[in-house]
Structures are given as C-alpha cells and as structure tokens.
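Work through the exercises below with the sequence and the model side by side. Try each task before reading its solution.

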Amino acid sequence: SDWEDGNSKTNNKRRLSGRAATNSKKSVRHSDSPVSSRGSSSSYCLTPVLRPRRNVVPVREEAMETDSGTDNELVEAVDSTVIERTVNRSEHSDDQPDNGTPEPSMFEVLQRKDASVEEICDSWMEKYRRGSTESLVQLLQFIIHSTGCKGVLTPEIMRKTVNDLLMDFVKDFSDEEAGYYPLIRTGKSALIFRHNFSEFFYQWTKRLGRKMFSDDHEDFMEGFNMVVLGMTDHQLRNYRHTATVAVIKIMSALINERLSVFMKMHDKQRQLDAEQNKRLNERSEDRINVLRASQMSLEEDFENYKTLLEFYHKCVFNKRFRDTCTEIRILCISALGSWMKQFPQEYVRDSYLKFFDVTLTDPSAQVRCACLEYLLPLYMDGELSDKLRQFTSKCKNRLMGMTVNANADVSEKAIRLIT
C-alpha cells in the first residue's frame, strides 16, 4: 500500500487519514496487472449470501468499479442490516456466562508456546453453542488483534458498515504495528504464533464442517464472511494479509473435507454395485435403499463444499494472487500447489493451471521459485502427464528460458523441472 511506503511515520498517518476521508466518496478501480491490490472493503457486501441449496445471483464484478453513490448506499444498507441481525439474534440471551473474571483473549493464548489449538477450538465451539453473537465477536476480535490492531470489537460497533468498522480501527494501530504486524514479525515467538494462527482456522473449519453451509447457521456465516472478505480487499496490508491467510486455511480445510466426502462416495458406490450384482435371492432391497440414500446425502455435501470453495476462490484467491504484497502472492500460489497435490482429480486442470502460467512471469524471484517448486511434484507424478500436456505445450518456451534466469534459485528449479 502507498501509505506503507512513506519516508516517515508522520507522513504515513497523514496519507492514511486522507485516504480514510475520501474512501466513502469514490471506489477504486482494480487493475489486471500483477501490481493491483486496491479495492473498497464494503464492495463485498454486494456479494450474494452463500446458500448452496438455493438459487443465488452470481457475483457482480462491475459493482466494484462503479463511480456512482447508489451502490455505496446499497452496500451500507445491506452491510449494516446483516450484521445487526446477527447481533440482535443473541443480544438478549441469558446463556452468556459472567463470572467477573476476564479471560485472556484468543490472540494472547495463541502466542504462548504451550498453547493447545485443539483446546481453544473446543472452547470456542462451546461458546458458539451458547450463543452465536458472542462467539462471532470473539472470532473477529482475534483476527483484528492478529493484524496488530489494539481496538476492541463490541456488538455495538458491529452495527456499523464493514468499511466504517475497519477504518475506525485504523487509528488503533501504533506506528510500529502499522508496518510490522504479527504475521510478518521475526523470532521464535512470531513463528509459533503464525503456526497457531493457521492451524486454528484449519481446525475451526473442520469442527464447523457442514454447519458452514447449513441454513440454521447462515446469519453467523454472513457476519463472518462480510468482515473477513472486506479485510482481504482493504487498502491496509495488515488487514489484507491476515485475513487472506485465514481464508486460505479455511479453503484448505474445506478441500480436505471435500476429499473425504469424495472417498466415501466411492466406497458407497462400490458397496452399492456389489449389492446390486448379487443374485436375486441374496440381494437386500432395504440395504440398497439405505446405500442409495447415503450416497445422495454425500453427493449433496460434495456439491455444497464445492459451492463454498468457489465462493471463496472467486472473492479472495482470484484477486489476491495478484496482490502487491509478495508474501500474499506466495501464499496463494503455494496453497494452490498444495491443493493440486492433495486433490489432483479436482484441481489439476487448465482452469487452475492458468494461475501457474501467470505466476511464471511474476516480477518477484521468490514467487517464481514458489511456482516452480509446486510444479515439480506434479510433473513427477506420471498419472498427471495427460492433464499437464496442454500447460506444458503452452509454457515450455518460458520454462526453458527460466533455466538461464539471473536468479540462481529460479534457474536451478527450472532445470530440475525440465529434466
């Protein structure tokens, strides 16, 4: 971001305040170049609520580029209504404990060396069962603290639009935290926190599982998605990077769950085929009906996970893999490489390989290295040769040229890939 590259901390604050003052008057146009990362955080409020079992209107990308005030007013109305509904739903609940002793925040706990991510997830799930509002505030507060912001999130603050909420918290960053937030800090404690942060959202997603696309939990997911997706498209790098890491880990866990459902579907289909191939006097119609019902349920879950993943892919991955921040671009391409290795039946296809095609020309040698590093295991798998044929034909000249790259690491990985 521009304000992060200033020559002094004083100029940083002036530029930031200037952007905050003009943020609501105009929307910033996205560029298709690898150095584009600007966007209005509230634009995501126009994204339809994800309800896989219902007909949904596709995301309107044009809404992010309009210069009129009509869309911004609609954004604020939808944004405020959804979050306020989530807050009011449990505001009068009597299930929230109050023992007078403030418990340490999730951010503080996950910085500890002996922190148990599984226990923290279990504790959060217990709070979620008592009331979704308190758990949502705690979860979003954890993400905001992880950006380096010391602001305190309350149900009253959550009644604001996402853009106003995030801009109000900008003033709670100290000069040091503005450019040196927890995910990019160095040292052993910082390494522990980065691991715990990523692992938390992975375990959190696995525990929620099918609840993430259940109609009974739509208000919670709407509130969570609006704030987090707004952060992934914010001008402030602290917000973008931290929220993108969270979403990428959520996607990784969803892919793992979808792969598990995929394997169960094959097992059920094998059992169903075996039962149907039995002789008439040995065949059990009741068992066949049970297997068919189970198979249909698994197929429904499989499609719901796919819908949710496509939602996050379109709203986050497609934009952030071109981010100005090198760390974010590496994060995205590394995650995609892991998904291809984990679930090649779904991800080793031209619609996803095109992201590697673009990244091979990235201006950063670190990003190009990450791209080549995750292409290597794909080419080493002989079963994927047919799926990689078109990509190889398109990129072979570029890969050959990278063998004489000025960067030694890029050149080494390209040679290994070619040979």
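The exercises go from the whole chain to single residues.

This is a predicted model, in which local features need pLDDT of at least 70, side-chain atom pairs count only at pLDDT 80 or more, and totals for chains, interfaces and linings use all residues. Residues are numbered from 1 along each chain as its sequence is written, and side-chain values use heavy atoms, with hydrogens and water left out.

**Exercise 1. The whole chain**

Task: Count the helices and strands, then state how much of the protein is buried.

Solution:
- Step 1. Take helices (H or I, at least four residues) and strands (E, at least two) as DSSP runs, numbered from the N terminus.
- Step 2. The protein has 17 helices and zero strands.
- Step 3. Call a residue buried under 20% relative accessible area, exposed over 50%, and partly exposed in between (1.4 Å probe, protein chains only).
- Step 4. Of the 419 residues, 49% are buried.
- Step 5. Count a contact when heavy atoms lie within 4.5 Å. Among contacts with a separation of 6 or more, 73% join residues 24 or more positions apart.

**Exercise 2. The cysteines**

Task: Find how many disulfides there are, and explain why cysteine 332 has no bond to cysteine 325.

Solution:
- Step 1. Apply the cut-off: a disulfide is a pair of cysteine sulfur atoms within 2.5 Å.
- Step 2. The count is zero disulfides.
- Step 3. The closest cysteine sulfur to that of cysteine 332 belongs to cysteine 325, but it is 9.8 Å away, so it is too far for a bond.
- Step 4. Cysteine 395 is likewise in no disulfide, its nearest cysteine sulfur being that of cysteine 371, 8.5 Å away.
- Step 5. Check burial. Cysteine 332 is buried at 0% relative accessibility, and cysteine 395 is buried with a relative accessible area of 0%.

**Exercise 3. The core**

Task: Which residues touch the most other members of the largest nonpolar core?

Solution:
- Step 1. Build the core from buried Ala, Val, Leu, Ile, Met, Phe, Trp, Tyr and Cys residues joined through side-chain atoms within 4.5 Å.
- Step 2. The largest such core holds 106 residues, and Phe200, Phe201, Trp204, Phe224, Tyr312 and Leu336 touch the most other members.
- Step 3. Helix H10 (residues 237–276) gives the largest share, 14 residues.
- Step 4. Look at phenylalanine 224. Beyond four places in sequence, its contacts include Phe201, Trp204 and Tyr312.

**Exercise 4. A helix pair**

Task: Are H10 and H12 roughly parallel or roughly antiparallel?

Solution:
- Step 1. Fit axes as lines to C-alpha atoms, for helices over the stretch in contact, with angles from 0 to 180 degrees between N-to-C directions.
- Step 2. H10 and helix H12 (residues 326–342) pack at about 0 degrees, with axes 10 Å apart.
- Step 3. Angles under 35 degrees count as roughly parallel, over 145 as roughly antiparallel, 65 to 115 as roughly perpendicular and the rest as oblique.
- Step 4. H10 and H12 are therefore roughly parallel.
- Step 5. Residues of H10 at this meeting include Arg237, Thr244 and Leu259, and those of H12 include Glu327, Cys332 and Trp339.

**Exercise 5. One residue in detail**

Task: Is isoleucine 144 buried or exposed, and what does it touch?

Solution:
- Step 1. Isoleucine 144 sits in helix H5 (residues 132–146).
- Step 2. Isoleucine 144 is buried, with a relative accessible area of 1%.
- Step 3. Beyond four places in sequence, isoleucine 144 contacts Cys149, Leu153, Leu165 and Phe169.
- Step 4. Isoleucine 144 and threonine 242 lie 98 residues apart in sequence, with their C-alpha atoms 8.5 Å apart.
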